[in-house]
Amino acid sequence: MVRHDGVGRAFLLVAVVVAVAACRPPVPQQMIVPEAPRTAPAVVPVSVTAGPWSWAPVRERRAYLVTQRALITTRQDTLTKIDTVASELGAAFTQFVSANRISGSLTLFRVTSGSRSPATPAGITLPITVAASATPSGFGAALQWILTTPAEGAACSSVAWTVAQGLRDLWFRAPDTLRVGASWRDSTSYVTCRDGIPLQLSVRRDFRVRAVAERDGRAVLIIQRESHTTLLGDGVQFGEPVKFTGAGSGTLQFELAPATGEFLGGSGTSTLEFTMQSRLRTQRVQQAAVITLARGI
């Protein structure tokens, strides 16, 4: 009898496998349950008040109205005089951001003194072309605004030069990125006149983003500006040398819409006190003013 060991071993292996398989408990039938459809994660809308915000001034020409009401108290010796003066100043200009330059015109100026009706002072011909530029100042990256027209050389002989100073509250350059708590600074200096004597005013302005509000689906930033002013001047009056010294401060709150680069308006108060000293007399003047900035038509 011929033995085929290879076949026998193969058969034995198959038999063992079958036997072992026969001894195992039956494998339970697995039911395939379809997965529940996955729901997309809820989209949480980003709040327009979350910040930070990118900001750049609108490049189109915009019109603004500046109104001021001032109470002026003058004391000399034992005499005290109180005057009330109000003014309306309208202007339209374009701000060129990359060049730190502003160009426009003063289109309205009316003054009310006491009980008189509003009127444009004699010597003013409207519109008045105005331009300003900003350069780095001594405050690090801060800018110093300089009014370039009307010509400064005519400060005490040109009423237009004095009137144009009222536009300075509308000129500023904020950082490109803003967030609540962000701050920056700029400055300006200019010459104005009193009784034909040139007065040099230097103003430092500190800005801070105080809060943010949502209005009509967009963010509106509330900016607070603190200003600090010094005044110096000297000249001759009635043949006598006179010297002016003074200081002032102010607080202004205004609104910016960063999405559109729009200045929406603002309001605030300011005070300026100065003394005119000569050999013959000492005069003290206090000016307290309320200012409103609004978008024009």
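This is a short chat about the salt bridges of a predicted model.

Me: How many salt bridges does the count come to?
Reply: The count comes to eleven salt bridges in this predicted model.

Me: Which residue does Arg 205 meet in a salt bridge?
Reply: Arg 205 pairs with Asp 186, with 2.8 Å from N to O. The two belong to distant parts of the chain, 19 residues apart: Arg 205 is in strand β9 (residues 197-215), and Asp 186 is in strand β8 (residues 183-194).

Me: And is Arg 205 buried or exposed?
Reply: Arg 205 is buried, because its relative accessibility is 5%, which is under the 20% limit. Asp 186 is buried as well, with a relative accessible area of 2%.

Me: Moving on, what does Glu 240 bind to in a salt bridge?
Reply: Its partner is Arg 279, and the N to O distance is 2.8 Å. Glu 240 lies in strand β11 (residues 240-257), whereas Arg 279 sits in the loop between β12 (262-278) and β13 (282-295), so the salt bridge ties together parts 39 residues apart in sequence.

Me: Where do those two stand on accessibility, buried or exposed?
Reply: Glu 240 is buried at 16% relative accessible area, while Arg 279 is exposed at 65%.

Me: Which residues are joined into one network?
Reply: Arg 62, Glu 262 and Arg 295 are joined by salt bridges that share partners.

Me: What about Lys 81, which residue is its partner?
Reply: Lys 81 forms a salt bridge with Asp 83, and their closest N and O atoms are 4.0 Å apart. Asp 83 is partly exposed, with a relative accessible area of 27%.

Key: Residues are numbered from 1 along each chain as its sequence is written. This is a predicted model: local features need pLDDT of at least 70, side-chain atom pairs count only at pLDDT 80 or more; totals for chains, interfaces and linings use all residues. Side-chain values use heavy atoms; hydrogens and water are left out. A salt bridge is a side-chain nitrogen of Lys or Arg within 4 Å of a carboxyl oxygen of Asp or Glu. Buried means under 20% relative accessible area, exposed over 50%, partly exposed in between (1.4 Å probe, protein chains only). Helices (H or I, at least four residues) and strands (E, at least two) are DSSP runs, numbered from the N terminus.
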